[in-house]
Amino acid sequence: MSRAAGAEEDGQPLHVASRLHAFNRFELKYLVPVEQAAEIRDELGERMDRDLNSPVGGYGVWSLYYDTPQLRFYWEKIEGLKFRRKLRIRHYGDLDGVTDESPVCVEIKQRVNRVTQKRRITLPYGVARRLCDGREMVDHSAKESAFIQEVLDLIVRLNLQPTAITGYQREALVGRNADTGLRVTFDRRVRGRDRDLHFGTPTPENRFTIPPHMSVMEIKVNERTPHWITDLTARRNLNLVRISKYVQSVEAFGLAPRSVFHINEADFPPPSPVEQQSHTLLKAGAQ
């Protein structure tokens with residue numbers, strides 16, 4: 001069936017794009033110093049393109065996570081369940097000037113074995129809060145009905161409530177030619193809070209939940225990781241880490257005991273001035 005035919009059957013004008021989006025992929029995560037992340041980004045730039053939505057310096061990503069009073073989604077992640085999911089509202093960009101009309105994504109992110117699946121719908125922020133906080137049915141199309149019903153069922157059945165906000169600055173690269181399914185992101189200044197859980201809070205009390213001199217690098221592929229990416233990670237001695245920004249926030253604010261997966265700042269001390277200077281000289285020499 002053509003896309004146009006599908007739109008006609010939904011009773012929507014043909015020029016109205018669907019607000020619903022879904023995709024599956026594999027994700028590999030690494031924790032790297034910010035300076036090394038910049039070098040890797042520049043190297044990747046020789047074979048990848050900057051995401052059209054990613055300006056120089058990156059863009060803000062803010063997520064409001066929902067969980068049960070017993071933190072069911074948190075514990076499912078800690079225990080490594082083969083099937084697990086979580087609900088969040090996500091905003092792209094700065095939080096200055098966020099209003100009820102600002103577009104956000106209501107998203108269910110789930111893990112099935114090693115595959116990450118995301119399904120989300122774009123809604124005005126006020127409507128998203130009515131759905132997730134007010135537990136109200138909101139206006140939607142026939143095509144969006146199943147997803148809206150699933151979100152509402154999760155919230156009501158599990159008694160989900162706002163639990164933590166995470167935020168970071170992201171730079172994104174996308175593959176070209178044979179690597180069109182490849183995406184690499186670099187997230188820095190990872191921070192969050194466990195109170196004032198509203199994107200429009202005037203003076204939020206955010207704290208770094210990952211040391212500010214460290215960056216989270218994620219390699220995202222639809223199927224197989226390109227061999228040249230594997231070579232790059234091996235050559236730079238990058239080690240896979242099991243890290244979750246939501247888990248990091250829950251533990252950083254004492255909502256749950258720190259697990260073996262917690263990133264402790266003591267394990268990743270910032271470089272000394274001597275190390276910093278040496279790294280700068282070596283980089284200049286290489287160039």
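**Pockets and a cavity: a quick tour**

The lining of the largest pocket splits into 11 nonpolar, 5 polar and 18 charged residues. That pocket belongs to a predicted model, and its volume comes to about 740 Å³. Next in line is the second largest pocket, at about 330 Å³. There's also a cavity to look at: searching the whole structure for cavities of 30 Å³ or more turns up 1.

**The largest pocket**

- Start in the middle: 34 residues line this pocket, and E27, K29, K77, R84 and R111 sit closest to its centre.
- Plenty of strands pitch in, with β1 (20–33), β4 (83–92), β5 (103–112), β6 (115–124), β7 (161–175) and β10 (214–221) each giving at least two residues to the lining.
- The helices α3 and α7 are on that list too, again with at least two lining residues each.
- Which element supplies the largest share of this lining? That would be β4, with 5 residues.

**The second largest pocket**

- Here the lining is made of 15 residues, and the ones closest to the centre are D51, Y59, Y92, R120 and R183.
- If you want to trace the walls, look at β1, β4 and β6, since each of them brings at least two residues to the lining.
- β1 gives the most here, with 4 residues.
- Sorted by class, you get 3 nonpolar, 4 polar and 8 charged residues around this pocket.

**The cavity**

- The largest cavity has a volume of about 50 Å³.
- Its lining draws two or more residues from each of two helices, α3 (72–78) and α7 (245–252).
- Of these, α7 makes the largest contribution, 3 residues.
- To find the spot in the viewer, pick out K77, I78, R242, I243, S244, V247, Q248, E251, F261 and H262, which line the cavity.
- As for classes, the cavity lining holds 4 nonpolar, 3 polar and 3 charged residues.

**Where the sites share parts**

- K77 turns up twice: it is among the residues closest to the centre of the largest pocket, and it also lines the largest cavity.
- The helices α3 and α7 each give at least two residues to the largest pocket's lining, and both do likewise for the largest cavity.
- β1, β4 and β6 each put at least two residues into the lining of the largest pocket, and they also do so for the second largest pocket.
- The top contributors are β4 for the largest pocket, β1 for the second largest pocket and α7 for the largest cavity.

Terms used:
Residues are numbered from 1 along each chain as its sequence is written. This is a predicted model: local features need pLDDT of at least 70, side-chain atom pairs count only at pLDDT 80 or more; totals for chains, interfaces and linings use all residues. Side-chain values use heavy atoms; hydrogens and water are left out. On a 1 Å grid over the protein atoms alone, a cavity is a set of points where a 1.4 Å probe fits but cannot get out, and a pocket is an open set with protein on both sides within 12 Å along at least five of seven lines; lining residues have an atom within 4 Å of a point. Grid points are joined across faces, edges and corners, and a volume is the space filled by probe spheres set on the points. Ala, Val, Leu, Ile, Met, Phe, Trp, Tyr, Cys and Pro count as nonpolar, Asp, Glu, Lys and Arg as charged, and the others, Gly among them, as polar.
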